[in-house]
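Work through the exercises below with the structure open beside you, and try each task before you read its solution.

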Amino acid sequence: MFRQASRLLSRSIAQPQHTKTKVAARAFSTDVPATPTEDSPFSQSWKKVIPTIEPPKTPSSYMKPRPATASTIPTKLTVNFVLPYASQLAEKEVDMIIVPATTGQMGVLPGHVPTIAELKPGVMSVHEGNDVSKYFVSSGFAFIHANSVADVIAVEAVPVDHLDSNLVQKGLADFTQKLGSASTDLEKAEAQIGVDVYSAMNSALTG
């Protein structure tokens, strides 16, 4: 039944080549409307074929609307800093953040150009006036939006002052030893990751 429905849906949505119109460019996250939109052609076709079952939800159904891009640059940067299991910062207004991008330390101020940056092990600092909060992040991504909103998603993170210097030194020594004695490519790769992460933590403590 569902296989037949899929064929019918694709057939009903498809258009002949000579009737296709130019498709508008995909909207930025800052252009997401305040009310969720429905994929009308798909939903209508679905209801014609399977009227007893609700159409499946699309990602846009769950997206929280972003505030519109202001005509002037705001004075503050709004930061969301999340981990897979917790939220460290939620809609926090700050002056600047500095993230450890793979291309180098990247400072983000209000009005920053839209950017997606991959993160490497290192320190993310959050600046609020004279106060600076520092977090060690293992990896992740930073999404900088045109409306001066920054979403930082990290695999793991911890305040720098929660790091134990003795454990960091021990971990660095252990992985350095493993790297030296590794006999396979897998063992070398795993040991090198450990060395990189613990070296970054050691730099965070000593820097």
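**Exercise 1.** Determine in which strand Tyr-135 lies, and whether Tyr-135 is buried or exposed.

*Solution.* In this predicted model, begin with the secondary structure, where Tyr-135 falls within strand S7, which spans residues 131-137. Next, take the relative accessible area of Tyr-135, which is 11%. Because buried means under 20%, Tyr-135 counts as buried.

**Exercise 2.** Find which residues Tyr-135 touches, leaving aside those up to four places away in sequence.

*Solution.* Going along the chain, Tyr-135 touches Phe-81, Gln-88 and Leu-89, then Gly-122, Val-123, Met-124 and Val-126, and finally Val-158, Pro-159 and Val-160. As a further step, compare positions in sequence and in space: Tyr-135 and Ala-204 are 69 residues apart along the chain, while their C-alpha atoms are separated by 9.1 Å.

**Exercise 3.** Describe how helices and strands are arranged along the chain.

*Solution.* Count the elements to find 4 helices and 10 strands. Then read them in order, which gives the pattern α-α-β-β-β-β-β-β-β-β-β-β-α-α.

**Exercise 4.** Where in the chain is confidence lowest, and where is it highest?

*Solution.* Start from the whole chain, whose pLDDT averages 81, with 75% of the residues scoring at least 70. Turning to single elements, helix H1 (residues 2-13) has the lowest confidence, at a mean of 46, whereas strand S3 (residues 96-101) has the highest, at 96. Over residues 1-30 the pLDDT is below 50, although this stretch has 23 contacts in the model beyond near neighbours in sequence. Where pLDDT is low, predicted coordinates should not be read in detail.

Technical notes:
Residues are numbered from 1 along each chain as its sequence is written. This is a predicted model: local features need pLDDT of at least 70, side-chain atom pairs count only at pLDDT 80 or more; totals for chains, interfaces and linings use all residues. Side-chain values use heavy atoms; hydrogens and water are left out. Helices (H or I, at least four residues) and strands (E, at least two) are DSSP runs, numbered from the N terminus. Buried means under 20% relative accessible area, exposed over 50%, partly exposed in between (1.4 Å probe, protein chains only). Contact means heavy atoms within 4.5 Å. pLDDT is the predictor's confidence in each residue, from 0 to 100.
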